[in-house]
Amino acid sequence: MNQAFLYSKYNGLQKNDATFVLKNYFRLVQWKKDGNDAILDIGCGAGDVTNDLLLPFLPKNFGKLVGVDLSEDMVEFARTRYKSSKISFEQMNIEAEDIPVDFEEAFDHVFSFYCLHWIQDQRKALSNILKMLRPGGDMLLTFLASNPIFEIYESLSKSGRWESYMENFKNYVSPYQYSSNPDKELKELLEEVGFQTQVCKVEERIYVYPNAAVLKKSVTAVSPFYNKIPENLQADYLSDYMTEVKRLNLVETKDNNNEQRINVPYKLFIVYASKSL
Ligand SMILES: C[S@@+](CC[C@H](N)C(=O)[O-])C[C@H]1O[C@@H](n2cnc3c(N)ncnc32)[C@H](O)[C@@H]1O
């Protein structure tokens, strides 16, 4: 099955958090009086969060909404699925040395949902965002500070069996996973890069998977490693993944129900910051 389609079907955690952040923090975004604002969504993935969750919050007279993603497959999927004169999707690496010339000071607002924990060079990504914002523009970001799944990546990558498929696992672990004070660390970086930070906080949240089958589906759709594993070994990989989930005590013990819920506690960054005029 197409990976972008699978992702858009099983990204419940990501959609839940995008909704939470939009409901609680979207009101901070400063819209221009004349409308026509240009908006960028970084790491738009399959485009469903951009189109189904972000778009309904935007003022009706916004100018344009551009979704960008590193993955050409995701961008193609989003382009085919969401056609509108004001929405477009482009391939772009937010960590790249240079940003496209036509993106320089081209946006009034930047949003990014569940992407920046995959960016190891945080300084580069944040300074690229600053360059793409117009003076006075702002950004609302949410991404993982830490999550036990990153620990699972680490332990599976060290078990001889999965090592060769997960060599680059560190690229997919949040740079703040082991930080003792992630919000302070990120706020300092934002200010060094040149942002004025109004909100930089960590929310402690819990996502509940109703049973192991749903968690496994989400791993098949979201894990950056799953597709590298030969098909005949994928079931074993999922089984080892579940062993790690149990080892980390994420499985709820219930007497009256055979279906065991899985509770994943994690830390989510919420950032609202702006570029000076
Ligand atoms: C977990 S998905 C989030 C998708 C969507 N925003 C959501 O909330 O469901 C993260 C996306 O970030 C993209 N991504 C990862 N590294 C990136 C980079 N360096 N530049 C741009 N996009 C990147 C991935 O391709 C992926 O589609």
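Me: Is Cys200 buried or exposed in this model?

Reply: This is a predicted model. Cys200 is buried, at a relative accessible area of 13%. The cut-off for buried is under 20%.

Me: What about disulfides: how many does a search of the whole structure find?

Reply: Look for paired sulfurs. A disulfide needs two cysteine sulfur atoms within 2.5 Å. The search finds zero disulfides. Cys44 is in none, and the nearest cysteine sulfur, that of Cys115, is 9.0 Å away. Cys200 is in none either; there the nearest cysteine sulfur, again that of Cys115, is 17 Å away.

Me: How accessible is Cys44?

Reply: Its relative accessibility is 5%, so Cys44 counts as buried.

Me: Now the whole chain. How many helices and strands does the chain have?

Reply: Nine helices and seven strands. The radius of gyration is 19 Å, close to the 19 Å that the globule rule gives for 277 residues, so the chain is as compact as a globular protein of that length. The C-alpha trace spans about 60 × 40 × 40 Å along its principal axes.

Me: What share of the residues is buried?

Reply: Of the 277 residues, 53% count as buried. Next, look at contacts between residues with a separation of 6 or more: 78% of them join residues 24 or more positions apart.

Me: And the outside: what share of the accessible surface belongs to carbon and sulfur atoms?

Reply: The accessible surface comes to about 13200 Å², and 48% of it belongs to carbon and sulfur atoms. For charge, count side chains: 32 are positive and 38 negative. The centres of the two sets lie 5 Å apart.

Me: Take one helix. Which residues of α1 are buried?

Reply: Helix α1 covers residues 3–10, and its buried residues are Ala4, Leu6, Tyr7 and Ser8. To read the packing, ask what covers them. The cover includes α2 (12–25), α3 (48–54), α4 (72–81) and α8 (212–222).

Me: Why look at the sign of phi?

Reply: Because most residues other than glycine have a negative phi, a positive one is worth a look. Asn36 has a positive phi, near 70°. Glu105 has a positive phi too, near 45°.

Me: Where does Asn36 lie?

Reply: Asn36 is in the loop between α2 and β1 (38–42). Asn36 is exposed, with a relative accessible area of 51%.

Me: And where does Glu105 lie?

Reply: Glu105 is in the loop between β3 (87–91) and β4 (107–113). At 40% relative accessibility, Glu105 counts as partly exposed.

Note on methods: Residues numbered from 1 in each chain as written. Predicted model: local features only at pLDDT ≥ 70, side-chain atom pairs only at ≥ 80, totals over all residues. Heavy atoms only, no water. Buried < 20%, exposed > 50% of the residue type's maximum accessible area, 1.4 Å probe, protein only. Helix = DSSP H or I, 4+ residues; strand = E, 2+ residues; numbered from the N terminus. Rg over C-alpha atoms; globule rule 2.2 N^0.38 Å. Contact = heavy atoms within 4.5 Å. Areas by Shrake-Rupley, 256 points an atom, 1.4 Å probe, with all protein chains shown as cover. Lys, Arg positive; Asp, Glu negative; His and termini not counted. Charge placed at Lys NZ, Arg CZ, Asp CG, Glu CD.
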